[in-house]
Amino acid sequence: MNEQHQPVHHVLEFIEQAAAKHPAQPAFSDCHTSVSYADLQQQAQSIGYSISMQVLTTRRPIVVFMEKCVECLTAFFGVAASGNFYVCIDTAMATERVRKILECLKPAAIIKKGSSVSNDSVFAGYTILDIDDLLYPHAEPSEISRRLQSIRSTMIDADPLYVLYTSGSTGIPKGSVISHRSVIAYAQWASRTFHFDHTTVFGSQTPFYFSMSVLDIFCTVCCGASLQIIPKKLFSFPVKLLAWLHEKKVNTIYWVPSALSIVANWNALDYVKLPHLHTILFAGEVMPTRQLNIWRRHLPDALYANLFGPTEITDIGLYYILNREFADEEPIPIGYACENMEAFAVTHEGLRAKAGEQGELYFRGSFVGMGYYSNTEKTSEAFVQNPLHSLYPEIVYRTGDLVRQNEQGEYIYLGRKDFQIKHMGYRIELGEIESIAAAFEKLQRAVCLYDPNKDHILLLYQGNAEKKEILLFLQNYLPSYMLPDEIICLRSLPLNSNGKIDRKLLQEQYVEETTSCRFN
């Protein structure tokens, strides 16, 4: 049997295979350093051994509290080599939120670099490990190999690889536990579907504590590809950003729509050619079709794909490779289920939704995670028995997303269940209003909110349009009961740490009280 067809049980096998085939190939690079596959394998082993000498148990959470860099990635794989699982925490996260996560995790150790956390009281009482110390164990290579092989022999693909924390409705973060098995299945599916190989060069935009980074990181090692970490500051300078992509010969990007929209809105593609870029993937929020069409006009031969899924199912469960043209006001489908995954929608009555019928989206299959770390109550609410039968135990993930299938059998995203409102006697999806507003060429971005106290729909936008112009445009596509009661122009819409529009902040600032113009 060929090596590529042999089953993989641990993500470090990807690195070991790549190091054997292409030892000098750059695996990960940032502005300061680059690591080859041979060096990545050696560094992961050194870190894993060093951790195992100080954390004498396995299958425990180890926090990685570092900036987005190559060393952060080597820490992830070092934690995996030690038989434990990593938890990446944003170094800019509010202290109280960090405290809540640590209280939930009770981590075996915290990895940092230098003095980045040494004086912070939130880490008092925890074992702190410096990445620089972990890289240089005082042991012979044979001893390192023997110890790590002993640890690996006790592990299976169902063991956790990482925990990623997402927002919780009660203000307490929820940690999604994802296994080696799910990440391996996901990385192999994505690599086959989008034809990644050792010539692929990823341009990494998303933070490592965000689930979209899973594709970048693990498809890189799965294929022996290369990943370039994009300096965050470049996203404030779209022309320089594209020049950087060209210089690094990046040919594949997987970005949030907000990042792609910045490039489109600033007409950066008019100034910089990207002959190497052939694969453009996006997820995390709704991609405005008008901005996507700008990309398609400049790079007509590239592959474009809309990916959809939550952190709880590793990253993605549905995808749509664009195979036709879309008008600016048309939504982009979220498509079909990934290989060895099933997506299905369930109506209010608990029945499988028919074509054209709205329902809540569920997932089952290889990518579905293990639940929330140390939170049985939230796990039981989201990871549930398949509602379509009770014949045998079958846990599926309930997303809270509303979808329907179109005539082609493609799923269309309608919005979050908690974005659905009752207004003037009608059920309304706020996402539908946003999608139409985003098609207006004078708007760079738009967000729709609902104020239940006033029973008002609010449209917040960034652009140079007059409010009456926007209303006239919306009237061409929406019934009167879906038109916004208030339209608010902002200099810029705030983004959260993941690069998506910060709805929570806007809700806090504008729902309770606003003095903007009203249209009744």
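In the predicted model, Phe 194 is a buried residue, with a relative accessible area of 3%. Its ring forms an aromatic pair with that of Phe 196, and the arrangement is tilted, with 6.0 Å from centre to centre and 35° between the planes. Phe 196 likewise counts as buried, at a relative accessibility of 7%; because the limit for a buried residue is set at under 20% relative accessible area, the values of 3% for Phe 194 and 7% for Phe 196 both place these side chains in that class. The two phenylalanines also belong to one aromatic cluster, which is formed by Tyr 186, Trp 189, Phe 194, Phe 196, Phe 202, Tyr 319 and Phe 367.

In total, the structure holds 23 aromatic pairs. One of them is formed by Tyr 86 and Tyr 162, whose rings lie 5.6 Å apart, centre to centre, with 35° between their planes, and this pair is again tilted; the term applies because an angle of 35° is neither under 30 degrees, as required for a stacked pair, nor over 60, as required for an edge-to-face one. The pair links distant parts of the chain, since Tyr 86 lies in strand 4 (residues 85-88) and Tyr 162 in strand 7 (residues 160-166), 76 residues apart. Tyr 86 is buried, with a relative accessible area of 3%, and Tyr 162, with a relative accessibility of 1%, counts as buried as well.

An aromatic ring also takes part in a contact of another kind, in which the charged end of Lys 240 sits over the ring of Phe 237, at 5.0 Å from the centre of that ring.

Turning to the strands, an open sheet of three strands is found with the order 24-25-26 and with mixed pairing. Strand 24 (443-451) and strand 26 (486-489) are the edge strands of this sheet, each of them pairing on one side only, and neighbouring strands are turned against each other by 20° on average, direction ignored. Between strand 25 (residues 456-463) and strand 26, the pairing runs in the parallel sense and extends over four bridges; at the level of single residues, Leu 458 has Glu 486, in strand 26, as its bridge partner. Helix 14 (residues 467-475) lies across strand 24, strand 25 and strand 26, and its direction makes an angle of about 130° with that of strand 26.

Notes. Residues numbered from 1 in each chain as written. Predicted model: local features only at pLDDT ≥ 70, side-chain atom pairs only at ≥ 80, totals over all residues. Heavy atoms only, no water. Phe/Tyr/Trp six-rings, centres within 6.5 Å; stacked < 30°, edge-to-face > 60°. Helix = DSSP H or I, 4+ residues; strand = E, 2+ residues; numbered from the N terminus. Buried < 20%, exposed > 50% of the residue type's maximum accessible area, 1.4 Å probe, protein only. Lys NZ or Arg CZ within 6 Å of the ring centre and 35° of its normal. Pairing = 2+ DSSP bridges. Axes fitted to C-alpha atoms, helices over the stretch in contact; angles between N-to-C directions. Contact = heavy atoms within 4.5 Å.
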